[in-house]
Amino acid sequence: MTTPALGIQDITFATAHHRLDLDLLAQHLGIDPAKFSVGIGQEAMSLPAEDEDVVTMGAAAAARILADNDVEGLRTLIFATESGIDQSKAAGVHVAALLGLPAQIRVLETKQACYSGAGALQLALGVVARHPEEKVLVIASDVARYDLDSPGEPTQGAAAVAFLVQADPALLEVEPASGVHTADVPDFWRPNHRVTALVEGKFSISAYMDALEGAWEDYRAHGGAAFEEIDAFCYHQPFTMMAVKAHQRLRRHVGEPLPKAEVVEELAPTVGYNRVVGNSYTASVFLALLALLDGDADLTGRRIGIFSYGSGAVSEFFSVRVLPGYRAHLHRAEHAAQLAAREPVDVTRYRELHPGTAVSAAEQQANPRVTAGPYRFVGIEGGVRRYEATGA
Ligand code: CAA
């Protein structure tokens, strides 16, 4: 009996209601806007409305997957996030209820900074390898928040990715080889009492690149493709210039250095979404993949190398093959419409929307009705978070 290919049947993203253009932030901070647009490679960031969070974005992305696919055999939902809304209950349980999924489903949440979406993919592949008739819905959803007036401020953002993992997929085969790397480093973390992350910015950049070399070597040691056998590279993009720095480092490491301008050009097809959404932590590497897939180039049969980095730090390098007919399964138009529909805010409104540093202790809260998305976070009643479908 031949083992069926395992991989991704369908993948899409949802983002938040608001958008802040970084030129406005630069103006407010009195710095050259080119520092953001050129230096870190960011144009804008998505910001959730008061009635949005990781659950509403995740459910919006997942609803599109459920609407377009046969989900017979869906028995597992993994919700990956580092901006979780409860220390005990998996956010995916709220999503399962909003989507009307049957009770016969296992739901759990994964966490390891920005890595846990890629980690969830590997766990999902394990489930499907054991039960090829089953499917797994993975949601990676995050709101990236740093303190106001901190160096991390222009690298905030928000988005969710949802994808369906199964045997004989239509879109991407995930190849068996993967390389992993873990190092206990204090580069970025978020203690329980904080909404915003603590970060050693410059150190986090070098920790990311050290992890890349480690994961790459492990990928090669486990039968991964050679550098020249990989047609495109997608990186976790906390800011898009991070991908450029990383790829320059990998190119030097494998003895194929290129000047920065050429690496910028090489990675250009992967940065379009992250440039305007901002960091979306667990979703970010998949937004890079989606930008590439949604682009004009025909990628049929191509191998894509993917590097996921989660501060702290766990990382993985793996590869996927793009399957024939993949274009029929893309959501290009929905992605473009969603980005265009975001409501722009000025810096005053952005600062009002920013939740500050401390986690709110509110056990009673009624949220204004703002989001144009299909689900909203109604508020908190007696400490219980309430969500509803909006009918949109
Ligand atoms: N025109 C063009 N470029 C300019 C410029 C101008 N006027 N002014 C500055 N620049 C360039 C700088 O030369 C610099 O480029 P290089 O990196 O190539 O040297 C770049 O813009 C950034 O400038 P600074 O280094 O001065 O920026 P900063 O000190 O204000 O902070 C940062 C940058 C460290 C990324 C900060 O935004 C930060 O801490 N971000 C959050 C942490 C982060 O994203 N880390 C990434 C790795 S960790 C990870 O990946 C996990 C995760 O998701 C968080």
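Me: How far apart do the end C-alpha atoms of residues 265-323 lie?
Reply: This is a predicted model in which local features need pLDDT of at least 70 and side-chain atom pairs count only at pLDDT 80 or more, whereas totals for chains, interfaces and linings use all residues. Residues are numbered from 1 along each chain as its sequence is written, and side-chain values use heavy atoms, leaving out hydrogens and water. The span is 34% helix and 29% strand, taken as DSSP runs numbered from the N terminus (helices H or I, at least four residues; strands E, at least two). Its end C-alpha atoms are separated by 25 Å.

Me: How are α7 and α8 oriented to each other, parallel or perpendicular?
Reply: The axes of α7 (residues 240-253) and α8 (residues 260-267) come within 9 Å and cross at roughly 115 degrees, with axes fitted to C-alpha atoms over the stretch in contact (heavy atoms within 4.5 Å) and angles running from 0 to 180 degrees between N-to-C directions. Because angles under 35 degrees count as roughly parallel, over 145 as roughly antiparallel, 65 to 115 as roughly perpendicular and the rest as oblique, the two helices are roughly perpendicular.

Me: Which strands are the edge strands of the open sheet with the order β15-β16-β17?
Reply: This open sheet of 3 strands has antiparallel pairing, where two strands pair if DSSP finds at least two bridges between them. β15 is joined to β16 (residues 375-381) by 2 bridges, and Ala-366 has Gly-379 of β16 as its bridge partner. The strands that pair on one side only are β15 (365-366) and β17 (384-389).
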